[in-house]
Each structure stands twice: as structure tokens, then as C-alpha cells.
Amino acid sequence: MKAVIVKEKGQTPVYTTDFKEVEINSPKQVLMCVKAASIKNLDRAIASSKHYSVSSKPFAPFVIGTDGVGALEDGTMVYGFGLSGMLSEYAVVNKDQVVLLPKGIDLALASALPNALMGSVIAMLLRAKLQKGEVVLINGATGVTGQVAVQMAKHYGASKVIVTGRNTQALSHLKTLGADEVIVLNGNQTELIQAFKEIHEQTPIDVVIDYLWGDSASAILTALKGKGTYQHRTRFVNVGAMSGDLMELSSSILRGTDIMLLGSGIGSWTEEETVRFFKVLLPEAFDLAVKGKLRLDTVSYNWQEISEVWDKPLDSGQRLVIVME
């Protein structure tokens with residue numbers, strides 16, 4: 001079977017024509033003929049054996065890719081979450097995590113959207129429980145997931161979307177996607193805290209979606225802290241740690257602020273939340289995409305080029321997609 005595999009631990013994935021065939025082992029599984037799969041940070045971490053889900057397991061050559069789009073046996077085009085590696089001629093997917101693709105949707109876009117949606121709409125709707133009219137701050141919004149988060153926050157009725165990042169060009173682009181205000185993360189900590197305080201005083205922040213952690217998250221939490229009087233309730237949801245996995249958090253922030261600290265990721269989602277994502281939220285987003293109301297920039301390459309493009313630098317708002325031809 002043709003596939004993209006990690007042949008030896010720590011090495012760049014390679015294209016091969018003779019990997020072992022996949023098999024269906026349960027009535028809850030279905031075989032998908034794969035057409036396209038996006039490459040995400042999760043895939044790179046698994047491929048390098050650094051992700052917690054594989055780091056302690058004995059190594060054996062494996063197919064990379066966690067999800068993708070393709071055709072079922074009857075020709076129906078779907079998105080599926082893989083039970084086997086996705087970058088192969090055929091992949092085994094969970095029947096309960098298969099989503100019908102609307103006619104006319106770009107397959108590269110359809111393969112790239114779900115991961116960004118997992119990192120945005122689950123955090124906003126299911127963890128923070130965003131309500132119409134609320135103010136949302138997206139910390140570290142210049143990447144693919146952040147860009148999708150901006151668009152979906154507006155779709156779900158946020159009255160104001162504030163975004164942060166270091167790439168000024170990307171921040172300007174976010175305004176075309178619906179962002180109302182930007183904060184450039186190039187000042188010192190005192191300046192950042194003051195910038196967040198001023199915004200919070202003008203339009204109290206209801207929800208923070210944080211992709212960075214580290215210094216910028218610390219500045220936000222410090223800015224939310226009151227001075228002995230009741231403060232507006234804020235739900236702070238951490239999704240990523242691009243600025244580092246650790247930071248200091250003063251207990252006085254928790255005592256002096258009506259704040260909810262939450263996380264969003266594998267391990268924090270209930271079964272009911274996962275079902276709602278696949279049955280309701282993802283189909284809704286696919287419909288928005290096919291109507292041109294949800295945008296994401298993809299760069300596609302043939303799977304035979306995987307070794308050359310695996311480490312290829314991309315703009316922060318672009319997603320690499322591998323197509324099978």
C-alpha cells in the first residue's frame with residue numbers, strides 16, 4: 001500500500017509504495033480512500049515521537065496523519081478522523097466521526113478546517129460557553145487556528161473580537177476576517193498589562209481564548225485583577241502553549257478576580273462534547289466554508305514530495321495539505 005511513513009524514529013517522513021495494508025476490525029469502523037490530509041503541529045509532534053500519546057510507546061514504522069478527507073466505498077465524500085494513519089491509500093476511520101462533505105467544497109480546505117475548528121469552536125462554545133453579544137480576546141490569533149477562531153467568534157455573535165500577536169501584517173489581515181481591535185505583543189510586560197487593562201475597562205472581556213500561555217497570558221490575567229472591588233467575570237480558556245509551557249500565577253489574581261480558568265484539548269472534552277462537534281459544529285462550519293463565509297489559506301503538495309516539503313517554511317496563517325494523486 002502506498003503511504004507516507006516514519007520509517008525510523010526521529011526521521012523525516014518518507015513516501016513508500018509497499019507499506020502493510022489496513023484492515024477493518026470492528027463494525028464501528030469504516031474504510032476510506034484518502035484524497036487529502038493536512039499537516040498540523042499535532043502530526044509533527046507524533047511523527048517526531050515527542051507527543052505524549054506516543055512518547056512512551058515502543059517504536060515501529062507508522063503512517064502519519066490524524067485526519068483527512070476521502071471517499072467511502074460507495075463514493076460518498078467525507079471527512080474522517082483516523083484510527084490508522086491518514087496519509088495512505090486507505091485509512092480506517094471511526095464511523096461515528098465521519099462527516100459528509102457538502103458538494104463543491106475544496107478538498108484541501110475541508111481537510112485543513114477540522115483541526116482548527118477543534119482548537120477554536122470547542123474552546124469557545126463548549127468550554128467557555130460563549131453567548132451572543134459577549135467580548136472575546138484571542139491571544140495569539142495570527143496562526144491558522146486563531147484566524148478560524150476570529151471568524152467563528154463573529155459567526156457566533158461576539159460583539160467585539162480583540163486579537164493579539166507579533167506579526168503586524170497578519171494582525172492587519174485579521175481585521176479583514178472580523179477582528180475589531182489588535183494588540184501587538186512587542187512591548188514590555190508593564191505596557192502589555194496596561195493595554196489589556198484599558199480594553200477591559202472600556203469593554204469588559206467575557207472570554208479569553210489563549211494559544212500562547214507564557215508572558216502574554218500572564219499579562220492578561222494580571223490585567224483582569226481587581227483592586228478590592230468586584231470584577232467582571234471572565235472565562236479564560238487555554239488551548240496552546242506556543243510561548244512556553246510554564247508561567248508564574250499569583251494566587252492573588254484568583255482571589256481578586258471572578259475568573260474561570262479552563263483548558264481545551266484531548267482529555268478535557270466529554271464524550272457528549274465530542275459528539276456535538278462531529279454531528280453539529282463541524283457540518284455547520286463546512287457549510288459556511290462552501291458558501292465562502294469561512295476562509296483558510298492552504299498550500300498543497302503531492303504526497304510523493306513529503307520529504308521535501310515537511311520542513312518547508314509557511315506563512316503563519318497557512319496550512320500544509322498533502323494530496324494523494
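**Strand S8 and the salt bridges**

Trainee: Which sense, parallel or antiparallel, do S8 and S9 run in, and how many bridges join them?

Mentor: Welcome to this predicted model! Strand S8 covers residues 135-139, and strand S9 covers residues 160-165. One pairing to look for is Ile-138 in S8 with Val-163 in S9. The chain gets from S8 to S9 through helix H4, residues 144-155, in a right-handed β-α-β crossover. The two strands run parallel, and the number of bridges joining them is 4.

Trainee: In S11, which residue is the bridge partner of Leu-137?

Mentor: Start with strand S11, residues 207-210, which pairs with S8 in the parallel sense over 4 bridges. Leu-137 points one way from S8 together with Val-135 and Asn-139, while Val-136 and Ile-138 point the other way. In S11, the partner of Leu-137 is Val-208.

Trainee: Which residues are linked with Lys-40 in a network of salt bridges?

Mentor: Let's follow the side chain of Lys-40, which meets that of Asp-43 at 2.7 Å, N to O. Lys-40 also forms a salt bridge with Asp-67, at 2.8 Å between the closest N and O atoms. That second pair links distant parts of the chain, 27 residues apart. The network therefore joins Lys-40 to two partners within the 4 Å cut-off, namely Asp-43 and Asp-67.

Trainee: How many residues apart in sequence are the parts that Asp-180 and Lys-154 tie together?

Mentor: These two side chains meet in a salt bridge at 2.8 Å, N to O. Asp-180 lies in the loop between helix H5 and strand S10, and Lys-154 lies in helix H4, so the parts tied together are separated in sequence by 26 residues.

How values were computed
Residues are numbered from 1 along each chain as its sequence is written. This is a predicted model: local features need pLDDT of at least 70, side-chain atom pairs count only at pLDDT 80 or more; totals for chains, interfaces and linings use all residues. Side-chain values use heavy atoms; hydrogens and water are left out. Buried means under 20% relative accessible area, exposed over 50%, partly exposed in between (1.4 Å probe, protein chains only). Two strands pair if DSSP finds at least two bridges between them. A crossover is right-handed if, with the strands pointing away from the viewer, the path from the first strand over the helix to the second runs clockwise.
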